[in-house]
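Biologist: I am new to this structure and would like to go through it slowly, one question at a time. Could you show it to me before we start?

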Amino acid sequence: MSIETTPNTVINVTGVLPQENYDVVVGRGLLAQLPALLGERVKKVLVVHPRALRLTGDAVRDELEAAGFTALTAEIPDAEEGKHIQVASFCWEVLGKNDFTRSDAVVAVGGGAVTDLAGFVAATWLRGVKVVHMPTSLLGMVDAAVGGKTGINTAEGKNLVGSFHPPAGVLVDLDTLDTLPPNELISGMAEVIKCGFIADPVILDLLEANPEEAKNPRSEVLRELIERAITVKAKVVSEDLKESGLREILNYGHTLAHAIELTERYSWRHGAAVSVGMMFAAELSRSVGRLSDEDADRHRTILEQFGLPLSYRRDRWQALLDAMKRDKKTRGDLLRFVVLDGIGKPGILDVPDQSLLFAAYQEIAS
Ligand SMILES: NC(=O)c1ccc[n+]([C@@H]2O[C@H](COP(=O)([O-])OP(=O)(O)OC[C@H]3O[C@@H](n4cnc5c(N)ncnc54)[C@H](O)[C@@H]3O)[C@@H](O)[C@H]2O)c1
Ligand SMILES: O=C(O)C(=O)C[C@@H](O)[C@H](O)[C@H](O)COP(=O)(O)O
Ligand SMILES: [Zn+2]
């Protein structure tokens with residue numbers, strides 16, 4: 001009798017220099033690949049994980065110790081609480097007290113908040129050490145762990161401090177999704193849906209045809225969705241790591257989303273905010289005649305199908321506008337939005353006239 005196993009999928013990301021190329025491996029039981037990925041030069045490894053993933057973090061540390069590394073763990077606060085300068089400072093202290101050198105490494109085990117924080121710590125320690133991401137949330141797998149954006153939040157907004165620091169590799173172990181709470185899976189689905197709207201319409205077809213399977217961590221449908229979304233992201237960041245143009249499309253829905261997250265003091269899941277942000281971007285695209293009614297309405301149907309939020313408070317407009325002025329795509333007084341000219345056809349809309357934004361917001365305000 002033979003046990004059938006699906007082979008791992010490897011998606012390559014091209015770096016600025018050939019030695020900066022890396023692989024995103026998608027499969028099951030991938031922990032054994034970590035030592036080789038870190039390489040022989042690395043002697044010490046800091047495994048960064050949140051409280052909720054203590055057992056997984058310990059398992060990673062034990063695997064590394066067994067392979068001959070000196071490995072230690074840093075347990076950080078959960079979710080957005082972890083993306084804080086004091087948490088980065090705590091990690092720097094651990095690295096300093098344990099004499100981590102430029103040939104040592106950081107491994108992130110957790111959702112997007114952990115990969116953002118650990119990536120930032122790796123980017124800044126001694127001006128840059130190796131980082132490997134082991135994302136454990138859907139959102140981390142399809143988005144945060146790939147592409148090298150790292151960062152923390154400040155009192156003024158989301159991800160306002162950070163750097164581009166691509167990982168040496170990403171291990172997307174689908175087994176970790178078994179313990180992910182369902183609402184977190186739905187949050188990650190918003191970024192999958194985003195990839196469908198900006199680049200890969202097959203994602204939307206798959207979601208519409210298989211809504212239940214898409215939510216099943218063990219299904220082949222979810223695996224295909226994950227691989228397709230990673231492929232979208234990998235292609236974009238391979239062309240434009242530092243967001244000088246094309247990469248802005250990955251920010252579809254995010255201008256309003258980040259403003260909502262700040263206004264809600266990070267009590268909203270990132271994907272939920274992105275869902276409302278995409279509704280807004282679709283309305284904006286429709287209002288300037290760039291997106292058809294049919295394509296704009298498809299946002300509502302798909303997002304609703306997954307129980308993602310579609311609207312936000314009418315009375316918060318001024319606070320949202322103030323926060324959006326600090327979005328990274330803003331240039332001086334000019335707010336800029338990723339819009340759609342059709343499914344899979346993203347573009348940029350410069351908005352000097354705020355009444356246009358207010359009108360689009362009225363369409364999604366509740
Ligand atoms: N750098 C990027 O390119 C990029 C892209 C997208 C999002 N992000 C950032 O990622 C963050 C959102 O990521 P997220 O949605 O993964 O949030 P998260 O990291 O806060 O994780 C969500 C929750 O799920 C828990 N969790 C994660 N994996 C688990 C598992 N396997 N089992 C049980 N619990 C688990 C976490 O402990 C947390 O409570 C945001 O800060 C966002 O800004 C960054
Ligand atoms: O990778 C990117 O580029 C993205 O925009 C992906 C987004 O999903 C992600 O939330 C990212 O962290 C947003 O970046 P920011 O530069 O707007 O903070
Ligand atoms: Zn995002």
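Modeller: The bounds of a domain, as we shall use the word, come from an automatic or database domain assignment. Please keep in mind throughout that this is a predicted model.

Biologist: Which domains does the domain assignment of the chain give?

Modeller: The C-alpha centres of the two domains lie 26 Å apart, and 29 residues of one are in contact with 28 residues of the other. With their bounds, the assignment gives domain 1 (9–179) and domain 2 (182–364).

Biologist: Which element supplies the largest share of the side of domain 1 that touches domain 2?

Modeller: By class, that side of domain 1 has 16 nonpolar, 8 polar and 5 charged residues. Strand 1 (9–13), strand 2 (22–27), helix 5 and strand 8 (157–164) each supply at least two residues of the side that touches domain 2. The largest share, 5 residues, comes from helix 5.

Biologist: Where does ligand 1 lie with respect to the domains?

Modeller: The shell around ligand 1 consists of 29 residues, and the closest of them are Ala79, Gly111, Gly112, Ala113 and Ser137. Helix 4 (112–124), helix 5 (138–144) and helix 6 (182–198) each supply at least two residues of this shell, which by class has 9 nonpolar, 13 polar and 7 charged residues. Because both domains give residues to the shell, ligand 1 lies between domain 1 and domain 2.

Biologist: Around ligand 2, how many residues of the shell are charged?

Modeller: The residues around ligand 2 include Asp143, Lys149, Glu191, Glu243, Arg247, His254 and Lys328, and the shell draws at least three residues from each of domain 1 and domain 2. Divided by class, this shell has 1 nonpolar residue and 4 polar ones, while the number of charged residues is 6.

Biologist: At which residues does UniProt place the feature "binding site"?

Modeller: The entry that carries this feature is unreviewed, and the annotation may be inferred rather than shown by experiment. According to that record, the feature is at Glu191, His254 and His270.

Biologist: Those positions span 80 residues in sequence, so are they scattered or gathered in space?

Modeller: No two of the C-alpha atoms of these residues are more than 10.2 Å apart, despite the span of 80 residues in sequence. It follows that, in this model, they are gathered at one spot.

Biologist: Is Glu191 buried or exposed?

Modeller: Glu191 is found in helix 6, and, leaving out residues up to four places away in sequence, it touches Leu139, Val142, Asp143, Ala229, Gly271 and Val274. A residue is called buried here if 20 or more other C-beta atoms lie within 10 Å of its own. Glu191 has 28 other C-beta atoms within 10 Å, and it is therefore buried.

Biologist: And His254, in which helix does it lie?

Modeller: His254 has 26 C-beta neighbours inside 10 Å and so counts as buried. Residues up to four places away in sequence aside, His254 touches Val274 and Gly277. The element that holds His254, residues 254–263, is helix 10.

Biologist: How far apart in space are Thr255 and Arg326, C-alpha to C-alpha?

Modeller: Thr255 also has its place in helix 10, and with 25 C-beta neighbours inside 10 Å it counts as buried. Apart from neighbours within four places in sequence, Thr255 is in contact with Gly277, Met324, Asp327, Lys329 and Phe337. Thr255 and Arg326 are 71 residues apart in sequence, whereas the C-alpha to C-alpha separation in space is 9.3 Å.

Biologist: Which helix gives the most residues to the largest nonpolar core?

Modeller: The largest nonpolar core has 117 residues, of which Val45, Val48, Val106, Val107 and Leu117 touch the most other members. This core draws at least three residues from each of domain 1 and domain 2. With 10 residues (its own range is 270–287), the helix that gives the most is helix 11.

Biologist: What phi does Ala79 have?

Modeller: Most residues other than glycine have a negative phi. Ala79 is found in the loop between strand 4 (70–76) and helix 3 (85–97), and it is partly exposed, with 19 other C-beta atoms within 10 Å. Although Ala79 is not a glycine, its phi is positive, at about 50°.

Technical notes: Residues numbered from 1 in each chain as written. Chains lettered and ligands numbered in written order. Predicted model: local features only at pLDDT ≥ 70, side-chain atom pairs only at ≥ 80, totals over all residues. Near = placed C-beta within 6 Å. Helix = DSSP H or I, 4+ residues; strand = E, 2+ residues; numbered from the N terminus. Nonpolar A, V, L, I, M, F, W, Y, C, P; charged D, E, K, R; others polar. Buried ≥ 20, exposed ≤ 12 C-beta atoms within 10 Å, placed from the backbone. Contact = placed C-beta atoms within 7 Å. Core = buried A, V, L, I, M, F, W, Y, C linked by C-beta atoms within 7 Å.
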